[in-house]
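Please open the model in a viewer and follow the stops below in order. Each stop names a selection and describes what is found there.

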Amino acid sequence: MKQTDTVTPIIIDTDPGIDDAVAIAIALYDPTLDVKLISTVAGNVGLDATTLNAEKLMTYFDKNVPIARGAAEPLIRQFEDASDIHGKTGMEGFDFPEPRKDLLLKENSVDAMRHVLMSSDKPITLVTIGPLTNVALLLKTYPEVKSHISEIVMMGGSVTRGNKGVMAEFNIYVDPEAAKIVLKSGIHVTMATLDAGMGTAIPPEETARMDDMGKVGHMAHDLFQRYRKRSFGTGLKMYDPCAIACILQPDLFTMQDAFVDVETAGELTAGCTVIDLKGYLHKEPNATVTTGVDSQRFCEWFMKAIERCD
Ligand code: BDR
Ligand code: CA
């Protein structure tokens, strides 16, 4: 049990996913974070696979964090996955042991998140590293949870360009209506954007070193051989670990408060985050947005974080 006065309690909503797997590991092994619940969502691959992957990770890490199954589809849109990036199972490349089945709750993720939030004696940080479907459903179904959430730290959105189409970042693209609900909820959001993530490429010589860094390093090393195959030589971008770094080491990033909304109607731009850095819209900021990252220091932080996972 971690010391409660010095730790930040978090819930991770996720679609594992290779970079999710690494982000979850860093959070689980960090002594200043207490992961209360893993909530799964359809994203990188379908919900059955992301939930199974969460079970595989907890089993391999030998951690007892409960897992709750969330939404299998976006609120309105047709589901599109990212199996081209993460492989058919979402975590191709590593031979995980047979997963335990006892960590999967009977409650769905919306009820499980409500339960954890309402029974916590201090507010909880909600970390989202997948599409925002579960969180939107939670906030609409049980608005009373809002005062129990200290903030939402999301990997999602982009200041400049997209990675799923021209303008949209994947996690927002999959369920833009959900992202809009979350950004309009009144809860402060810290956004680890695609722009920051693009500066977090871990070069192949560092990836090679991970193989000898204990079981998490070994897992990451093997998964990375299959992740974003085309960019292995130039460095693998650690998008989801950025969300964890925003909590543990925020000074790695340049950040700015801004009003953020999501384009849901655009013929060419649906899923694009509109980030008003210049104040054109005269709206109060609802988010703190990462606009860049110190790439060298991020890489050092990341490698140390992986090394400490044991
Ligand atoms: C996001 O999309 C997913 O493929 C990654 O896991 C990350 O959450 C990056 O756009
Ligand atoms: Ca993810």
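**Two packed helices**

In this predicted model, begin by selecting helix α2 (residues 47–61) and helix α10 (residues 214–224), which pack at an angle of about 145 degrees with their axes 10 Å apart. Display the side chains at the contact: α2 contributes L57, Y60 and F61, while α10 contributes K215, V216, H218 and M219. Sorted by class, this contact comprises 5 nonpolar, 1 polar and 1 charged residues.

**Aromatic rings**

Next, remain at Y60, where the charged end of K215 sits over the ring, 5.4 Å from its centre. The structure holds 7 aromatic pairs. One of them joins Y60 and F61 in a tilted arrangement, 6.0 Å centre to centre with 50 degrees between the planes. Y60 counts as buried because its relative accessibility is 12%, and F61 counts as buried at 3%. Extend the selection to Y29, F94 and F96, which form one aromatic cluster with Y60 and F61.

Then move to helix α12 (residues 295–308), in which F298 and W301 are 3 residues apart and therefore separated by about one helical turn. Both F298 and W301 are buried. For a further ring, select Y142: the charged end of R114 sits over it, 5.0 Å from the ring centre.

**The calcium ion**

Finally, select the calcium ion (ligand 2). Its protein donors come from D15 (OD), D20 (OD), D20 (OD), I129 (O) and D240 (OD), at 2.2 to 2.6 Å. D15 lies in the loop between β1 (8–14) and α1 (18–29), and I129 in the loop between β5 (124–128) and α5 (133–141), so the pair ties together parts that are 114 residues apart in sequence. D15 and I129 are both buried.

How values were computed: Residues numbered from 1 in each chain as written. Chains lettered and ligands numbered in written order. Predicted model: local features only at pLDDT ≥ 70, side-chain atom pairs only at ≥ 80, totals over all residues. Heavy atoms only, no water. Donors = N, O, S within 2.8 Å, 3.2 Å for Na, K, Ca; no water. Helix = DSSP H or I, 4+ residues; strand = E, 2+ residues; numbered from the N terminus. Buried < 20%, exposed > 50% of the residue type's maximum accessible area, 1.4 Å probe, protein only. Axes fitted to C-alpha atoms, helices over the stretch in contact; angles between N-to-C directions. Contact = heavy atoms within 4.5 Å. Nonpolar A, V, L, I, M, F, W, Y, C, P; charged D, E, K, R; others polar. Phe/Tyr/Trp six-rings, centres within 6.5 Å; stacked < 30°, edge-to-face > 60°. Lys NZ or Arg CZ within 6 Å of the ring centre and 35° of its normal.
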